[in-house]
Structure formats: structure tokens, C-alpha cells
Amino acid sequence: MFGEQSFGVVLRGLRRRVRLTMEELSEASGVSVRAIGDMERGRSRVPQRRTVVALAEGLRLGDAEREALLAVAGTARPTRAVAVAGTVVPPRTVGDFTGRERELTLLRAAAEGVAAGGAAPVWVVSGPPGCGKTTLALKAAADLAGEFPDGSFVVDLHGVDGPVDTGDALVKLLRALRVSDRRLAQEDASGRAGLLRALLAERRCLVVLDNARDEGQVRTLLPEGGRSLVLVTSRRPLTGLEDVSRLVLCAMAQDEAVDLLRRILGEERADAEAEAVARVAELCGRLPLALRVAGNWLTVRSGWSVGHLVRRLADEERRLGALTAGDVRVEAAFELSYRQLTTQAARMLRLLSLVPGPDMTAAYGAALTATGVFDAEDVVKELVEAGLLQATFTGRYQLHDLIRLFARSRLFEEEEPAEREAADERLRAWLLETARVAGRWYQPKYGAPPPSWKGLVPLETADQARAWLESEAPSWLAALRGAAQRGQHTQVVETAHAMEWFCDLSVHWGHWPEVFGLAAEAAAALGDPYLRAFHLNCLSWALVNCEKRHQEAVVRADEGLEQARRAGDIHQQVSALVLGASAYWELGDARQVAKRTRAAIDLSEDAAYYEVWPQAMRLFGSSLRMLGRADDALTQYQRVIAFLDSPGCPVSGHVADIFRTHTIQGLGHAYADLGRWREAADHFRDAQVRSSRIGIVHREAEQLRHLGEALVELGETEEARYCLQQVLALGDAADDRDLKTARQLLDTLAEGAAPAAEDSATVPVQGDVHGVEGLDERGAGGVGVA
């Protein structure tokens, strides 16, 4: 049925046919992810019959295919690696060991637990090259030696540079445990493994199996119980091992890294250049091997300042070369793991160095290599298992800074320039296309992607779109910058255009002025007055809402108005007038707010174009409030609600939800101005619930704060306190003004007083206005300039 294909090829084909990831097949079959990966890549011996049966059940194979898979497994021939003898030595002390207190505490507790007979006797310490696995294991062994009266032993298995044969390691350990050669000669491999397990169960020993290549190299060396403790170190997580405890190492904490450098350099020298020492720690990626090399480098060159090393390491192209001391090279540690990768994994590692963000998903690998996500996921898993890529708790992946530099150097050495550029362009194009499709979920004319769109990530709901835009923001922003630098103006303006309504959900991101600034420049290069008007208007919104640069926002809105008139576009003209009014609202100029919004309303009604009319009406109502005419403002807000409720309203969906929410908040302000506190509270509460449903967190905080103020006026202090505490709970997602006011009101309530609602962010009102309080109803709410 499967011809002469190998077992691994057949297994991978069956898994992909039913569209299962390795993790999903592992869960369905009970076979570890690591074991499945090794079988598919031909790196492991043929599995036992029960393993094949479990895989067949996980794949839901019929009887015929199940028997065929068993037949393929039965016809394969195991292979044997070249063996190199290892050595068993006592653990050595580590004189300048620094940090890792949490990890050492865990291992001390493990030793105590094993002694009491209640803990797993095996711990696997894994992590990327140079993270200090061996050093930690040796330190723990030295510290715990007194707890193991029958001896402490270290076996270097040379997992990445000529692995030791398991049988040879087994014999070495048995001899270290004083088993005679005569007894060894009486036992075959299975008998020797049983003898080791029996001895470790009877005695109290500590064994470090250092630098293991894979599960197969250590499985027969592990005890099944007893009072001995075995520490296994490996660059791989060895997920195929069962009934073991795990400890994953990564880079050191910054303070630990600095302490290590201080111990190597000497406190006096290090403290004389404390800032430079801290910078060296950062440039070394807080990787213990790199820190030791850097410290030793400075020790040998005692006449050189730490600042001199900082300057050498600051050059990314030379950093790895600079991290060399004698025959110890940080790059060599990475090279050993790199040489063991399959061709596909090595290429993937090189290309992942092009990812501009701090982390990634398997979809990035798929985009870079022009493959499917399933294929990319398989290769990414190999990189994780090799210790060259770190899997995070959130399901994403990270390249350590130094490994990224290593991969980048290999990229330039092993890939043709044309292929490097092609891969970079594939990634950039994918990021920007996906950003456009995700952003358009929130635009009235688009919404869900068309059925014909086939992306590498699911964007089937608005929540998925928002999650992708937020999690991948560093990368798609970098791609946007790259497109702008390359003069890809159409990509820039289309991507920024798609963010028109999404940006209001993420005001505090901090990069919207840059996004819309790049787009305005690209639109100018294209010579399109409509696009210039659109992106200048978006830039005006961003300057008001993100950076409080209100005067500049007025200038950009006026430029947008001029371009919109050139383009003959009513929508952009109205938007420019509203956005300029929004900036003047923040500046407290009531006359300008009223003048511009009245012009926007008249222009909309004369042209019978009502897409932006609700925004203009709402802000006009707010200007009336500024002028002390709360009753008239109430009428304007009610007209907006009636418009949104009318049959055939031209505004719908996400945009209508935002307009309605902000207008209901305006009604709350108007009722508050009139002293009608119950109605004010009801409307603030309604607006807050709607903001929460939409996901506009900063508005939700604002509305909670105003609700708290209204409840104070009503004497309902307990609910008021709860609302104000909710504002503080939103943290950085809330505006500073709301946080400050909420804290002040809570302090006052704690003192037992019932303060009158007072806006701590009073807007100074300009013009011929008498006795008017400034009101905090910020901006126009949403860009809305499509």
C-alpha cells in the first residue's frame, strides 16, 4: 500500500492527510511529540509494535492501513551511530557561580524529596547553547554531594560533538560504582541496564548525565525509583522521557548577569564603570557563556576599559567575533547545534533572523519559506528541540539575540542575495496583507475577508483580527517602515487606510502618528489629493488622541481640508472640519468648535451625505455645552440617536456602535450639567457597557470615572467606590487624567466626605463665555475618514 517509502515518510503523510499537528497526534495517541518528530525525520529506531498501534489509533486508520503501517515498521532496519567512549568523573566546584537561586532551590528540594522517597529521581535541565546548564548541574552536584554518601558522578555524553554510545556510558558508570569486570562480562546490555537500576535504587548516589543528545542516549541510564538523583542536561527538552521533572533554563536576569561580571572583573573595576558593565550584560543577551567570555576578555586585557568592549559589542556584525576568549567562542557553541539540523531547519533558522519583531509564530516561517503552516510548524519544532529557538508560555517563539546574530551571519554566508531579498519581501508582503485584511474587519465597506482569501492565520472573527493586529504590531509596523523606505507607496497607504477604525480600539499603542505620517508622505509621493486628505485627517486624529499635539493637529486637519477640496470629496472635507474641531475642543476654544462643526453639518446636509454627520452633530452639541447651553446640547445628542435608530441609516455596524456609545456619553454629560444625576448615571453606565462590548478600554475608563462622579452626587458611595476602583484596575489602558481623578475621589471617599463631582481635567474655554465649566468629552471619537 505504501510502496518502499520509509516509516517516517509514511507517518508524516498520514498525519498531514488528516490535518493533525504533532501535538494533536501526540494527544490522540499518547506518543510523545519528540518521539513522533524523530520517527518522521528518520532519527530514531523503528518503534515497537505497541507504539505503531497507538499511532494508528490516533490517526484513526482502518484495518488495512493499520496493518500496512505495521508492515512498514517491521521491514525497516535500525541504524547504529558511531560510538565514542565517555568518562565518569566526580563533580568539580564552580568558584564564581552566580545567581540561579530559584533553580538551585528546586534541585535542593528534589534531593530532599528523593531521600524521602516521594519525588521523581530524574531531573532534565534543558536550554539553548551557552545558558549554563552544565554549570548549574555541577554547582548543584557539588552543593549536594554531602547528601549522597555513596558517591557523586558526572558523565559527559558529548551529545553535540560525537555522542557517547549508551552502552559505553553504562559500563563506565557501573565501573564507577565498583562493579567488577568479571560481573560485567556475565551480563548483556539489558542485564547491565538492570544492574545499574538496581544499584541506583539500593544506594544513595547523585549522577549528572551531561550534554545528552536525545532520549535514546540516556533512557537505559535512568533509575526507576530509589534514593539516587540523576540530573540530565541537554540542549533538547527530551520530551520523550516519562516520569521526570523538568527545569528549563534561559538567559539570566539582568541583575544576575551584572553580578557575574562583577565577580569575574572584581568589584572595584566593575563598579568604576557600572553603566558600561550593565550594557555589556545586555549586549551579551545575559547568556552565561557570553558573559564569561566577555569577562575573561576584559581580565586578560586589564588595560582596556569596559566601555571599549561596549563599543566593540555594539557593532552587530562583529559582536559574535568579539565574544572570543582563547579557544572559547560563543559562536562555536551555536555552530555545534546548527550542524546537526536538517537542511530545512538550518534554512529556516537563517531566514527567521529576518523577522523584525521580538517573537514570532510558525506562520512567519511559512511566509519566509513559501510553505504551508503545517510544514513550517514541523521545522520550527525541530529548532526548538535543538535549543536554537525558544518556545514561550504563550505559544510563540523567540530567537535569543546572539543566536539571531549567528543565524543572520549564516544567512549572508549561505544564501544568495536574491533569495535573501525574496524571503524578506515575502515576509513583508504577508505581514502587510494580513494587517490590511485584519484592519478591514472594522471598516463598514469590508468586514470579514472574502471566501477567496487564503491566509496563513485565521481571521474568521473580529476578535481574531484584533488579536493578530495587537500581537504582531511590532512586526507589521516594521514591515510598514520597510515598505516606506523602499518606496512601496501603495502598500503603505492601503495598510494605513485599513486601520481607520481599528486605531480607536488601541489608542494607547503609541505608533499611530508614525503610521499615518508615513501614509501621508506616501500619498503625497503618489500625488493623489484624496489619499492625502484621508491620511492627513488620520494624522490629525492621531496627534490629538495619542500625543496631545493639538495645535499641530489643527494644521494637519486644515491641510487635509485643502486636499479634500482639491479632490472634490465631501466626506474628507467634513472629516477635516470635525477633526479640526476636535483639536480645538482640547484647546478649549468653544467658538472654533462650534464654527467648524456647524460648517461640517451644513456641508453634510447640503450634499445629503451623512456618513460623518453624527460625529459633527455630537461635537456641535458638546460645543453648546461648553457655551453653557446644556438643554440645546441635549437636543443635538437626541437627534443623533434618532438618526442612528432610523430605518435605512447609512451608518451601521462597528462605526454605528462607536457613534452611539459616544453620543450616549454626551447625553450623560448634558444631564449632569443640568443636575439630573440619575439620568446622567444611567447614560454613563450604558456607555460604559457598550464601550466594554466594543473593546474601547480607554473610553470605558473615562465613562466609569464619570459614572462614579454621578453616583457620588446621588449619595451612592459604595457603588461609586467600586466604579472608581475599576478605573484604577484598568491601569495603563486608562488615560492619566481618569486615573488621577479616580485616585483623588477615592481618597476623599476614604476620608468620609461626599465630594461634588468635579472634572480634574477642566478644559480652558476661550471666547465670550461666562460661567462655563470645562467638560471632559474628549475628541471626536474614531477617525471615521474613509
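# A guided tour of the predicted model

Start by selecting Arg396, which is buried, with a relative accessible area of 12%. The model on screen is a predicted one, and each stop below names what to select and what is found there.

**Stop 1: Arg396 and its partner**

Keep Arg396 selected and add Glu472. The side chains of these two residues meet in a salt bridge, 2.7 Å from N to O. The pair links distant parts of the chain, 76 residues apart: Arg396 sits in the loop between β9 (390-391) and β10 (397-398), and Glu472 in the loop between α24 (462-471) and α25. Is Glu472 buried or exposed? Its relative accessibility is 3%, so Glu472 counts as buried.

**Stop 2: the second largest pocket**

Stay with β9 and β10, since both supply at least two residues of the lining of the second largest pocket. About 1500 Å³ of space lies in this pocket. To find its centre, select Leu389, Gln390, Gln398, Leu399 and His400, which lie nearest to it among the 50 lining residues.

Next, colour the other elements that each give at least two residues to this lining: α3 (33-40), β2 (122-126), β6 (245-248), α17 (316-322), α21 and α22 (401-414). Which element gives the most to the lining? That is α22, with 8 residues. Coloured by residue class, the lining of the second largest pocket shows 19 nonpolar, 12 polar and 19 charged residues.

**Stop 3: Arg15 and Asp378**

One element of that lining, α21, leads to the next selection. Select Asp378 in helix α21 (residues 373-385) together with Arg15 in helix α1 (residues 7-17). Their side chains meet in a salt bridge at 2.7 Å, N to O. The two residues are 363 places apart in sequence, so the pair ties together separate parts of the chain. Arg15 has 0% relative accessibility and counts as buried. Asp378 is buried too, at 3% relative accessibility.

Now widen the selection to Arg12, Arg15, Arg16, Glu40, Asp375 and Asp378: these residues are linked in a network of salt bridges. A search of the whole structure finds 57 salt bridges.

For another of them, go to Arg183 and Glu187, whose side chains meet in a salt bridge of 3.5 Å, N to O. Are these residues buried or partly exposed? Glu187, at 24% relative accessibility, counts as partly exposed, and Arg183 is partly exposed with a relative accessible area of 35%.

**Stop 4: strands β3 and β4**

Select residues 152-156, which form strand β3. Of its 5 residues, 4 are buried, so β3 is largely enclosed by the rest of the structure. Then add residues 206-212, strand β4: the two strands run parallel and are joined by 5 bridges. What stands opposite Val154? Look across to Val208 in β4.

**Stop 5: the second largest cavity**

A search of the whole structure finds 3 cavities of 30 Å³ or more. About 100 Å³ of space lies in the second largest cavity. To display its lining, select Phe97, Thr98, Arg100, Cys131, Gly132, Thr135, Leu136, Met252, Leu260, Pro288 and Arg292. The elements that contribute two or more residues to this lining are α7 (133-144) and α15 (288-300). By class, the lining residues divide into 6 nonpolar, 3 polar and 2 charged.

**Stop 6: helix α26 and its surroundings**

Select residues 489-498, helix α26. How many of its 10 residues are buried? The count is 7, so the helix is largely enclosed by the rest of the structure. The buried residues are Gln491, Val492, Val493, Thr495, Ala496, His497 and Ala498. To see what surrounds them, show α23 (417-439), α25 (473-485), α27 (512-526) and α28 (529-545), against which these buried residues pack.

Finish in α28 by selecting His535, which is found in that helix. With 0% relative accessibility, His535 counts as buried. What is His535 in contact with, leaving aside its neighbours within four places in sequence? Its contacts are Val493, Ala496, His497, Phe516, Ala519, Ala520 and Ala523. Val493, Ala496 and His497 are among the buried residues of α26, the helix selected at the start of this stop.

Notes:
Residues are numbered from 1 along each chain as its sequence is written. This is a predicted model: local features need pLDDT of at least 70, side-chain atom pairs count only at pLDDT 80 or more; totals for chains, interfaces and linings use all residues. Side-chain values use heavy atoms; hydrogens and water are left out. On a 1 Å grid over the protein atoms alone, a cavity is a set of points where a 1.4 Å probe fits but cannot get out, and a pocket is an open set with protein on both sides within 12 Å along at least five of seven lines; lining residues have an atom within 4 Å of a point. Grid points are joined across faces, edges and corners, and a volume is the space filled by probe spheres set on the points. Ala, Val, Leu, Ile, Met, Phe, Trp, Tyr, Cys and Pro count as nonpolar, Asp, Glu, Lys and Arg as charged, and the others, Gly among them, as polar. Buried means under 20% relative accessible area, exposed over 50%, partly exposed in between (1.4 Å probe, protein chains only). Contact means heavy atoms within 4.5 Å. A salt bridge is a side-chain nitrogen of Lys or Arg within 4 Å of a carboxyl oxygen of Asp or Glu. Two strands pair if DSSP finds at least two bridges between them.
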